[in-house]
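Here is a short walk through one structure. Keep the sequence and the 3D view open as you read.

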Amino acid sequence: FMLFSGTSNRGLATKIAGELGMNLGKVRIDRFKSGEIYVHYEESVRNADVYLVQSLSQPVNDHLMETLFMVDAARRASARSVTVVLPYFCYARQEKKDAPREPISAKVVADLLHTVGVDRVITLDLHAPAIQGFFHIPVDHLTALDQITEYLTQQAIHNPVVVSPDAGRVKMAEKLASYLDTPFAIMMKRRPVHNEASVTHIIGEVAGRTPIIIEDIIDTGGTIVSVIERLQEKGAHKAWVCATHAVLSGEALKKLNHPGIREVLITDSIPLSLATSLENVRVISIA
Ligand code: R5P
């Protein structure tokens, strides 16, 4: 098999190649002045099982188009199979209609991948695991929970409680709590407008405990900050924040520099040049 990287997360692709003891294949990916993308495999992929590593992170639409062109080029060059390794799957938070006259954008992304001829998808901590069902091909849905658990068990965390920041993360939180053998608490969140979050309820005991908040995505950081503030009001200690995907848009990094946060644990599913400069941020590799 052959392993290729798109332009979005070459660092992670190189690490994966290292884990496998192989080199990344040669592919040229350029932008024309017009903004259009050019892809050319610089070695034969005929009869090869081709694996493409690409995080569908910002700029999301560019990286998505680039992936589609990489798959199409591999298919037309007679690859035997094409597997896309998508550590971060874009539009996963638009996986259902929350209001009339909205698209189901995650389904559109799945359809596009089908159209160009993907045989298999490998992805990580989908915002909604049911997105697997948008595909008619195998989807390997991996999780970073094992790596997160391993890291946390090496820390001396006093009187911990795993916290789900919203209803969507309850299963993930329950799993982490069982791996760590701790109680867990659930918060309920409302979004009055896009990119704003406010916590409405807490179910479970957090007073005098050290919260371990588990998230799939930190985007603007709004959810984390409102959860931390509510936990502090309820008498919790400084929190550990864990998330698989560090989208970190807007002022997120500033928000994560919060006095109520002990440490932020994220993965390299999305490249993280700026985040690593923060003292309280720890990156674990999912390679
Ligand atoms: C949505 O429900 C997700 O699970 C995350 O809670 C959300 O994407 C985080 O976004 P933000 O950091 O912008 O609050």
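Start at threonine 220, in a model that is predicted. Is this residue buried, exposed or in between? Threonine 220 has 18 C-beta neighbours inside 10 Å, so it counts as partly exposed. Burial would take 20 or more, and exposure 12 or fewer. Threonine 220 sits in the loop between S11 and H6. Leaving out residues up to four places away in sequence, threonine 220 touches Asn195, Ser249, Gly250 and Ala252.

Now move to threonine 223. Threonine 223 lies in helix H6. Here the count of other C-beta atoms within 10 Å is 26, so threonine 223 is buried. Its contacts, again without residues up to four places away in sequence, are Pro165, Lys189 and Ala197.

Both threonines carry an annotation. Under "binding site", an unreviewed UniProt entry lists Arg191, Asp219, Thr220, Gly221, Gly222 and Thr223. These residues are spread over 33 residues of sequence, yet they cluster in space, with a largest C-alpha distance of 13.7 Å.

Next, look at the ligand. Which residues come nearest to it? Of the 17 residues around the ligand, the nearest are Ile217, Asp219, Thr220, Gly222 and Thr223. Two elements give two or more residues to this shell: strand S11 (210–218) and helix H6 (222–233). S11 supplies the largest share, 4 residues. By type, the shell holds 4 nonpolar, 7 polar and 6 charged residues.

Turn now to the start of the chain. The unreviewed UniProt entry annotates residues 2–117 as "domain: Ribose-phosphate pyrophosphokinase N-terminal". This stretch is 34% helix and 22% strand. The C-alpha atoms at its two ends are 17 Å apart.

Helix H2 (60–76) belongs to this part of the tour. H2 has 17 residues. From first C-alpha to last, H2 reaches 24 Å, close to the 24 Å expected at 1.5 Å a residue. Which of its residues are buried? They are His63, Leu64, Glu66, Thr67, Leu68, Met70, Val71 and Ala74. Several elements pack against them. Four are strands S1 (2–5), S2 (27–31), S3 (37–41) and S4 (49–53), and S5 and H3 join them. Just after H2, serine 78 takes a positive phi of about 70°.

Pause at one residue of H2, alanine 73. Alanine 73 has 19 C-beta neighbours inside 10 Å, so it counts as partly exposed. The cut-off for a buried residue is 20 or more. Outside its neighbours within four places in sequence, alanine 73 is in contact with Val39 and Tyr41. Take tyrosine 41: it is 32 residues from alanine 73 in sequence, but the two C-alpha atoms are 7.6 Å apart in space.

Follow the chain onward to the loop between S5 and H3. This loop holds arginine 93 and glutamine 94. The unreviewed UniProt entry gives Arg93 and Gln94 as "binding site". Arginine 93 is partly exposed because it has 15 C-beta neighbours inside 10 Å. Glutamine 94 is also partly exposed, with 18 other C-beta atoms within 10 Å. Setting aside neighbours within four places in sequence, glutamine 94 is in contact with Pro103, Ile104, Ser105 and Ala106.

Ala106 leads into helix H3, as one of its buried residues. H3 spans residues 105–116, which makes 12 residues. At 1.5 Å a residue they should span 16 Å, and the end C-alpha atoms are 17 Å apart, which agrees. The buried residues of H3 are Ala106, Val109, Ala110 and Leu113. Why do they fall on the same side of H3? They cover an arc of only 100° around the axis, so they share one side. The general rule is that an α-helix has 3.6 residues a turn, so residues three or four places apart point the same way.

What lies over that buried side? The cover includes helix H2, strand S5 (81–86) and strand S6 (120–124). On the other side of H3, Asp111 and Thr115 are exposed. Glycine 117 follows H3, with a positive phi near 100°.

Conventions
Residues numbered from 1 in each chain as written. Predicted model: local features only at pLDDT ≥ 70, side-chain atom pairs only at ≥ 80, totals over all residues. Near = placed C-beta within 6 Å. Nonpolar A, V, L, I, M, F, W, Y, C, P; charged D, E, K, R; others polar. UniProt positions renumbered as here; feature names shortened; annotations may be inferred. Expected span 1.5 Å × (residues − 1). Arc of directions from axis to C-beta. Contact = placed C-beta atoms within 7 Å.
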